[in-house]
Amino acid sequence: MRIECPICGSRDRREFYYQGAAVALDRPAPDAGDAVWDVYLHLRDNPAGETRDLWQHEGGCGAWLVVTRDTVTHAISAVELASDVKRAMA
Amino acid sequence: MAELKAQNPFADLLPLKIGGVSVDARDLGHLTVLGDLGNRAALAEALEQAHGLALPEPLRSTENGATRCIWLGSSEVLLIGTPPDAALTKVAAVVDVSDGWAAVQLSGVGAEDVLARLVPVDVRTSVFERGHTLRSQLREMPVSITRNEGGFLLLVPRSVAATMVQELRRAMEAVASRR
Ligand SMILES: [Zn+2]
């Protein structure tokens, strides 16, 4: 498996650290309430298909990445800098 | 007051020469991380003004005589061979890491073959030219690799300096045995 880092180019999977669902970019407000925080912290979709994860290019440039991949085919369709994704959400 | 003597991170492990490949310790003098604080243009101008160095793009390095600057990560570059000018502190996070990294020069015919056994990135001349740099892992160790005049400049955290030599030696022996 290889991941196309937007900064470093195509790199071996062993250089990357997997964090989890990209939901962490969408942290609720402190006063959003227990139900919202419960969902944010504990409830994850388990899709057979497209999913978005946070990875870090730990063994390379250090950048955090949003990786869009298919859990059925294992194909990676997009790799974006998390900082760009976060900026676009604002 | 006690006079402290700087120790070579490689002690008597280097120099090393096996087959056509050699590894030599490099004392690079001052090493300073310059962290981009969000105003890249200001950092580039300050670096040019103070040290006559262009701010390197990702995966690139620049030099001005013995002073060099190599890209070190998504928002960091490493200033080599000079104390940082005070003006840089206004536009960058400036951190002295002179004793944090250990450096070697890897050279000779077969240097690429040695790295091919240790690093999961293609560093052949066809894709990795003089002045190019990258961050990767040498086995499990964080590494900065820059192609220079005579081969490769490798930097690893000082704490793993001896382990890097051990890995290089093993790979050099394997490459030499196949010639
Ligand atoms: Zn990267």
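## A tour that starts at the zinc ion

Begin by selecting the zinc ion: its site is tetrahedral, with angles of 102 to 118 degrees among its four donor atoms. Keep in mind as you look around that this is a predicted model. For comparison on screen, the ideal angle for four tetrahedral donors is 109.5 degrees.

**Stop 1: the donors.** Next, show the side chains of A:Cys5, A:Cys8, A:His57 and A:Cys61, the protein donors of the zinc ion. The three cysteines each offer their SG atom, while A:His57 offers ND1. If you draw distances from these atoms to the zinc ion, expect values of 2.0 to 2.5 Å. Now find the donors in the sequence, where they follow the spacing C-x2-C-x48-H-x3-C.

Which loops hold A:Cys8 and A:Cys61? Colour β1 (2–5) and β2 (9–12) of chain A, and you will see A:Cys8 in the loop between them. Then colour β4 (50–56) and β5 (64–70) of chain A to find A:Cys61 in the loop that lies between those strands. The pair therefore ties together parts that are 53 residues apart in sequence. Switch on a surface and look for these two cysteines: A:Cys8 and A:Cys61 are both buried.

**Stop 2: the whole of chain A.** Zoom out and show chain A as a cartoon. You should find two helices and six strands. Trace the chain along its sequence and you pass through the pattern β-β-β-α-β-β-β-α. Along the principal axes, the C-alpha atoms of chain A fill a box of roughly 40 × 30 × 20 Å.

How much of chain A is buried? Of its 90 residues, 38% count as buried. Return to the surface view of chain A: about 5500 Å² is exposed, and carbon and sulfur atoms supply 50% of that area. Try colouring by charge as well, which brings up 10 positive and 14 negative side chains in chain A. The centres of those two sets lie 6 Å apart.

**Stop 3: a glutamate in chain B.** Move to chain B and select helix α3 (residues 161–177), where B:Glu167 lies. Is B:Glu167 buried or exposed? This residue counts as buried, because its relative accessibility is 10% and the cut-off for buried is under 20%. Leaving aside residues up to four places away in sequence, B:Glu167 touches B:Leu118, B:Leu138, B:Arg139 and B:Met141. For a last step, select B:Ser98, which is 69 residues from B:Glu167 in sequence and 23 Å from it in space, C-alpha to C-alpha.

How values were computed. Residues numbered from 1 in each chain as written. Chains lettered and ligands numbered in written order. Predicted model: local features only at pLDDT ≥ 70, side-chain atom pairs only at ≥ 80, totals over all residues. Heavy atoms only, no water. Donors = N, O, S within 2.8 Å, 3.2 Å for Na, K, Ca; no water. Tetrahedral: all angles 85-135°; square planar, octahedral: opposite > 155°, others 65-115°. Helix = DSSP H or I, 4+ residues; strand = E, 2+ residues; numbered from the N terminus. Buried < 20%, exposed > 50% of the residue type's maximum accessible area, 1.4 Å probe, protein only. Contact = heavy atoms within 4.5 Å. Areas by Shrake-Rupley, 256 points an atom, 1.4 Å probe, with all protein chains shown as cover. Lys, Arg positive; Asp, Glu negative; His and termini not counted. Charge placed at Lys NZ, Arg CZ, Asp CG, Glu CD.
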